[in-house]
Amino acid sequence: MNRARLIITLGDPAGIGAEVVLKALADPTIAARADVTISGSSAYLQATYDRLKPICDALAHPCQFKVLDAEIHNPVTLGIGNANSGDASFRWLEGAIAQTLHGKFDSVVTAPIAKSAWKAAGHCYPGQTEFLAERAGVSRFGMLFVAQSPYTGWMLRTLLATTHIPLRHVADTLTPELLTLKLELLLECLQHDFEIAQPRIAIAGLNPHSGEQGQLGREEWDWMSAWLEAMRQRFPQAVLEGLLPPDTLWVKPGQAWFGTGSVEAAHDGYLALYHDQGLIPVKLMAFDRAVNTSVGLPFVRTSPDHGTAFDIAGQGVADATSMKAAIHLAIKFAEQGQAASTSVISLRS
Ligand SMILES: NC(=O)C1=CN([C@@H]2O[C@H](COP(=O)(O)OP(=O)(O)OC[C@H]3O[C@@H](n4cnc5c(N)ncnc54)[C@H](O)[C@@H]3O)[C@@H](O)[C@H]2O)C=CC1
Ligand SMILES: NCC(=O)COP(=O)(O)O
C-alpha cells in the first residue's frame, strides 16, 4: 500500500491553527505512516515555531515538511480575526483543495477558520465544509463528528442534519428529502468507513419530548414519524430508532463514553437535527478529541472540532489532541480508500 498523502491547512493565522498543527506533527507515528504537506505560509510557520519553541515541549520543526507556500498579504495580529487573516486562511484552503482535486493528495486536514473573518475578506460561506463541497462539485454532503472514548474505547458518531443556519430557520429547512439524504450519508459512512454491516442509528426528534404527540410541537406528529417508518422499509439492513426525545437521547452515549453504563446500549450513529442539538453533547463528552469529517466529498476531509480560540492564540497552551485525532482519522480513511481501490483492481484483473 502507498503511504497516505495529506495536506494540512493552517486555518486562521490569528488563531491556534499553526500551533496545533506543529504540536500534532510532533507525533512520530504520523510521519511514519503519511507524507505530509502543509498549506500555509512558510515564514508564518517558522515564526510560530520560533515563538512557541521556548515554551512548548513537543513541537515539530517546519523544515520537516513540504509547504505549499502562500504568503500572508497584510499584517495579522494574533487573537484578532479580520479580513487579512480571513483572506490568508481562505487562500490556504483553496490551494489545498485545488491540489487534492488534481490528485496530489488523498486527504485534506483543515485547521479552524473564523467564518466572520472569511466574510470580512469577501468569502461568504457558512464554513469550510460548504466551500469544500462547492469546489468538489458535490451537493450531497454532510458534517459528521467522530470521537473515541479514552475511557471505554466506544465511538461516538454524530451527523448533523442542518449545520450553520439560524435556529429560527431549522424547522423549515428540515424536509423528508433532506433527512433522507443525511440518513443515507450516515448509513454509507457507518457501513463503508466504519465497517458496521447492520448499524443501529438513533434519530433525534426536533421538539421537547419529541413533540409529546403534537402538544409541544407538530413536526414529529405531522411528518417525521411517517418519514421514519418509510426509512425503516427502505433500509432494512439498519436499525433505526427514533424519534428520540432530544435531551434523553444523549444519556446512553454519555454512559457509554464515560463507562458508567453499557456500551452495547448506545448506538453506532446519531442523527442530530441541528448544530447545537448534536454539538453540545459532542463537546461535553469529547471537546478535546472529536474530529469533524466531511462525508460525501470525493476525497477525505477531517478537522479538529474546536475553533480558532483567539483568546489563547500565541500562548502555547492550545491542546492539539483533536488535531492529532483529525490527522490520524485522515490517514485511516486514506488507507481504507487505497485498500478498497486495490481490491476493485484485483477483482477486475
Ligand atoms: N472547523 C472550524 O473551522 C471551526 C471554526 N470555528 C470558528 O472559531 C471561532 C471561535 O469559535 P468559538 O465558538 O469561540 O470556539 P473555540 O473552539 O474557538 O473556543 C471555545 C473555547 O475553547 C477553547 N479552546 C478551543 N480550542 C482549544 C484547544 N485546542 N486547546 C485549548 N483550548 C481550546 C478556547 O480558548 C475557548 O475558550 C468562530 O469564528 C468559529 O466560526 C468554530 C468551530 C469549528
Ligand atoms: N461547528 C462546526 C464547524 O464550525 C465546522 O465548520 P467547518 O468545518 O465547516 O468550517
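In the predicted model, helix 4 and helix 6 meet in a right-handed crossing. The axes of helix 4, which covers residues 83-101, and helix 6, which covers residues 128-136, come within 11 Å and cross at roughly 35°. On the side of helix 4 the contact is made by Leu93, Ile97 and Leu101, and on the side of helix 6 by Gln128, Phe131, Leu132, Arg135 and Ala136. Sorted by character, the residues of this contact of helix 4 with helix 6 comprise 6 nonpolar, 1 polar and 1 charged.

Two further helix pairs can be described in the same terms, since two packed helices are described by the angle between their axes and the distance between the axes. Helix 8 (residues 176-193) packs with helix 9 (residues 219-234) at an angle of about 40°, the axes lying 11 Å apart, and helix 8 and helix 9 are therefore oblique to each other. The crossing in which helix 8 passes helix 9 is right-handed. Helix 8 contributes Pro176, Leu179, Thr180 and Leu183 to the contact, while helix 9 contributes Trp223, Trp227 and Met231; of the residues in this contact of helix 8 with helix 9, 6 are nonpolar, 1 is polar and none is charged.

For helix 1 (residues 17-24) and helix 3 (residues 42-52), the axes come within 10 Å and cross at roughly 75°, which makes helix 1 roughly perpendicular to helix 3. The contact involves Ala18, Glu19 and Leu22 of helix 1, together with Tyr44, Leu45, Thr48, Tyr49 and Leu52 of helix 3. The residues of the contact of helix 1 with helix 3 divide into 6 nonpolar, 1 polar and 1 charged.

Taken as a whole, the protein has 12 helices and 11 strands. Its radius of gyration is 21 Å, close to the 20 Å that the globule rule gives for 349 residues, so the protein is as compact as a globular protein of that length. The C-alpha trace of the protein spans about 60 × 55 × 40 Å along its principal axes.

The surroundings of the two ligands were examined next. Around ligand 1 there are 18 residues, of which Pro112, Ala114, His306, Gly307 and Asp319 come nearest, and the shell around ligand 1 is made up of 8 nonpolar, 7 polar and 3 charged residues. Ligand 2 is surrounded by Ile113, Gly127, Gln128, Thr129, Leu279, Asn292 and Ser303; the shell around ligand 2 holds 2 nonpolar and 5 polar residues and no charged ones. Gln128 is thus named among the residues surrounding ligand 2, and Gln128 is also one of the residues through which helix 6 makes its contact with helix 4.

Two details of the backbone remain to be noted. Most residues other than glycine have a negative phi, and most peptide bonds are trans. Against this background, Gly242 and Leu243 are joined by a cis peptide bond, with omega at about -10°, and Leu243 is placed in strand 8, which comprises residues 239-244. His209, although it is not a glycine, has a positive phi of about 55°, and His209 lies in the loop between strand 7 (200-204) and helix 9. Helix 9, which follows that loop, is the helix that presents Trp223, Trp227 and Met231 to helix 8.

Notes: Residues numbered from 1 in each chain as written. Chains lettered and ligands numbered in written order. Predicted model: local features only at pLDDT ≥ 70, side-chain atom pairs only at ≥ 80, totals over all residues. Near = placed C-beta within 6 Å. Nonpolar A, V, L, I, M, F, W, Y, C, P; charged D, E, K, R; others polar. Axes fitted to C-alpha atoms, helices over the stretch in contact; angles between N-to-C directions. Helix = DSSP H or I, 4+ residues; strand = E, 2+ residues; numbered from the N terminus. Parallel < 35°, antiparallel > 145°, perpendicular 65-115°, else oblique. Left-handed = near helix turned anticlockwise from the far one by under 90°. Contact = placed C-beta atoms within 7 Å. Rg over C-alpha atoms; globule rule 2.2 N^0.38 Å.
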